[in-house]
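Q: I would like a close look at one part of this protein, taken slowly. Please start from a single residue and work outward to its surroundings.
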Amino acid sequence: MPQEPIACEAGWWNPAPSETDDWLTWANTLPYCRDLGLVCVEFNATSAVFRMDRSTLTPNPNGAVNGGTVAAAADQIMGALTMRMSAAGLLPATGSLHIQYHLPARAPLTFRATALGGGQRTKFVEVVVEDRSGNRCATSQGTMIAGGSKGPPLPSL
């Protein structure tokens, strides 16, 4: 029996390697970004900026975005930036994710992702999370493996 493609596969396509506008559009069509309320406002070859105006899940009793939601958003952003830095068709996987919480993360939040180097398949990415006043709420670092997610080949435009 043939399997129907799952909904998330529809959001994964490979933009042209150097077209920033295409990558920005791509990031803003990712289903999990939409689920988390993330909007990509800048996306270049080695950095990205995403905004979360409000949590799409119930906030903590103190009004802050839950730490699990912050970590999930950072991980998603790391994956998106790793896609941009990797050879076409290599779907990234998270090898490790570390996050330190400094202050309650009260929305709106800004997520600033920066590539920290790596090799052909192993990429290191940092995401700094800031509140509306620019205060650092959390810092996360991840090791991403390009081609680490086994699955069907990614379609090209």
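Which helix does Arg-84 lie in?

A: Happy to walk you through it. A word on the model before the tour: it is predicted, so local features need pLDDT of at least 70 and side-chain atom pairs count only at pLDDT 80 or more, while totals for chains, interfaces and linings use all residues. Numbering starts from 1 along each chain as its sequence is written, and side-chain values use heavy atoms, with hydrogens and water left out.

Arg-84 lies in helix H3, which covers residues 67–85. Helices (H or I, at least four residues) and strands (E, at least two) are DSSP runs, numbered from the N terminus. Arg-84 counts as buried because its relative accessible area is 10%; buried means under 20%, exposed over 50%, and partly exposed in between, using a 1.4 Å probe and protein chains only. A polar atom of the Arg-84 side chain sits 2.9 Å from the backbone oxygen of Phe-43.

The helix itself is mostly covered, with 14 of its 19 residues buried. The end C-alpha atoms of H3 are 27 Å apart, which agrees with the 27 Å expected for 19 residues at 1.5 Å a residue; that expected span is 1.5 Å times one less than the number of residues.

At the N-terminal end of H3, Asn-66 acts as a cap: one of its side-chain oxygens is 2.7 Å from the backbone nitrogen of Gly-68. The side chain of Asn-66 also makes a polar contact with that of Asn-60, at 3.2 Å. A polar contact is a pair of N or O atoms within 3.5 Å; within protein, one must be able to donate a hydrogen and the other to accept it, and residues adjacent in sequence count only if both atoms are side-chain atoms. Asn-60 belongs to the loop between strand E2 (47–52) and H3, and it is partly exposed because its relative accessible area is 25%.

Now for the strands. Phe-43, the partner of Arg-84 above, falls within E1 (residues 38–43), which runs antiparallel to E2 and is joined to it by five bridges. Strands pair if DSSP finds at least two bridges between them. E1 and E2 form a hairpin with three residues between them, and Leu-38 has Met-52 as its bridge partner in E2. On to E4 (residues 109–118): six bridges join E2 to this strand, again antiparallel, and Phe-50 is bridged to Phe-111.

These names return in the largest nonpolar core, where Leu-38, Phe-43, Phe-50, Phe-111 and Val-127 touch the most other members of its 32 residues. Such a core is a set of buried Ala, Val, Leu, Ile, Met, Phe, Trp, Tyr and Cys residues joined through side-chain atoms within 4.5 Å. H3 brings the largest share of this core, eight residues. Leaving aside neighbours within four places in sequence, Leu-38 is in contact (heavy atoms within 4.5 Å) with residues including Phe-50, Met-52, Ala-73, Ile-77 and Phe-111.
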